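Here are a few exercises to work through with the model open beside you. Try each task before you read its solution.

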Amino acid sequence: MPPFGHPLNQEARAVSCVRLPPPRILLVEDTPVQARLLLDHLSGGAWRVDHVETGAEALRRLGEPPLPDVLLLDIMLPDMSGMDILRKIRAEAAAIGVVVITSNGSVALAVDAMRAGADDFLVKPFSRERLLVTLRNVIDHQHLSREVESLRENLGIAAFQGFVGSSAAMQRVYRRIEASSASGATVFITGESGTGKELAAEALHRNSPRAKGRFVALNCGAIPRDLMESEIFGHVKGAFTGAIADRDGAATQADGGTLFLDEICEMDFNLQSKLLRFLQSGVVQRVGDDRPRPVDVRIVCATNRDPLAEVRAGRFREDLYYRLHVIPLRMPALRERGGDVLELADHYLARINAEEHKNFRGFTPDAAQAMLAHSWPGNVRELVNVLRNIVVLNQGSEITLTMLPAPLNLSGESVESPAPPRAVPPPEREEEAIPRQEDIEPLWQVERRAIERAILACGGNVPRAAALLRVSPSTLYRKKQMWEEGGR
């Protein structure tokens, strides 16, 4: 999550236009000593804490406004199980974070609580630091969920101007496009390849007063350097070899509309000065022509590079950067968009089904989990290609884990030919081939080492490690919790 002062967090907090009140925490704990200890741990924090001792008191308190933001819930209460309270909260869809508290011998019960909708759990005894970190994580999640809900109410949400996705990252994109569309200011779009930069530029044009004008896109990295000036500004007959007629450039074609300069950092350095002069003057001069012509265009540009790094490296003019970088718009990578992966997969699966005359209706749970765990380095473009690969090569009504191509499914067929297995040399002496009893590791140590290696290989991404190990993420979280507490 970005640090507190990060612009994305500032923008998200501006959604509500009001200062958020201190979070309210309701502690449900019947043991006086444990309750006093927890209240002492929570003292001095930026929250308000109430305490009740029974399940009946908790239910009564939950029936009165204002509702708590987080419930610290002991599972073992004198009059009822904390699980009953948890199920009631989730059945009523109350926007309350729940952290369950269990004894050291009730880890399985805590896992059941997670499945029933708890946000996290704490196993007694736990430290003050562990309690505070857990509470802050749940509170941050609650705030983010409310911001997303607010954005959904204001925007319409799952689909916007050709985009699909309801994640908080995409809500910020939708808001920025809507807020800047009416302006004539230049928009500078950044993001990895395949994140939808041109789609964002088209959305800006369609939402703007220039929507009746033309949207002209020019890829600065796909046009030969010698022809780039002519492509932007046009040329007159005879201006150079092959110029057999007068031709308007992209800037003139977009007069009254929007000119989209994709991969702007690929533009030749010498041509950048001419683009800067055009932006400052609003006139174009065709190659070989001595008559300047005024045009009225809005500029939207994009790059998959770091533009400031290009400026520092001397490949992009600093004055041109600041002329273009008026309204920044960052397109998030697919790995930053959470559940949008499955929303996009459903959307494109329906489209590809129609094109390929197939009838896939969705994904099995393990296939969906593998899709969520994948890092998608090629972003939405990679997702579309994977889906087309699956639809073309398979038959059925559901996409299963075995249908996913490598590396989404490590048991699937690899693109590259597998290397032949290495021959294992025979032992030099017979006695070395027989393992000794003292060399045998306990199974839990072998399992722990395999899990920790998988998580490390996945850069700390537990869901992705779980998908590769073919287990549920909750299994890994539970085992990590036991190891942290000194168990096996």
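The exercises below deal with salt bridges and then with a sheet.

This is a predicted model, in which local features need pLDDT of at least 70 and side-chain atom pairs count only at pLDDT 80 or more, while totals for chains, interfaces and linings use all residues. Residues are numbered from 1 along each chain as its sequence is written, and side-chain values use heavy atoms, with hydrogens and water left out.

**Exercise 1.** Find out how many salt bridges a search of the whole structure gives, and work out which parts of the chain D74 and K124 tie together.

*Solution.* Start with the criterion: a salt bridge is a side-chain nitrogen of Lys or Arg within 4 Å of a carboxyl oxygen of Asp or Glu. Searching the whole structure with it gives 22 salt bridges. Next, take D74 and K124, whose closest N and O atoms are 3.6 Å apart. D74 sits in strand β3 (residues 70-74) and K124 in the loop between β5 (120-123) and α6 (128-155), so this salt bridge ties together parts that are 50 residues apart in sequence. Helices (H or I, at least four residues) and strands (E, at least two) are DSSP runs, numbered from the N terminus.

**Exercise 2.** Classify D74 and K124: buried or partly exposed?

*Solution.* Recall the classes: buried is under 20% relative accessible area, exposed is over 50%, and partly exposed is in between (1.4 Å probe, protein chains only). D74 has 3% relative accessibility, so D74 is buried. K124 has 21%, so K124 is partly exposed.

**Exercise 3.** Which residues share a salt-bridge network with R305 and E310?

*Solution.* First, check the pair: the closest N and O atoms of R305 and E310 are 3.0 Å apart, and the two form a salt bridge. Then add the environment: R305 is partly exposed at 31%, whereas E310 is buried at 7%. Finally, follow the shared partners, which join E266, R305, E310 and R315 into one network.

**Exercise 4.** What is the strand order of the open five-stranded sheet, and which strands are its edges?

*Solution.* Strands count as paired if DSSP finds at least two bridges between them. The order is β9-β12-β15-β8-β16, with parallel pairing. The edges are β9 (215-219) and β16 (327-330), each of which pairs on one side only. Now look inside the sheet: β8 (residues 187-190) and β15 (residues 298-303) pair in the parallel sense over four bridges, and T190 stands opposite T303 in β15.
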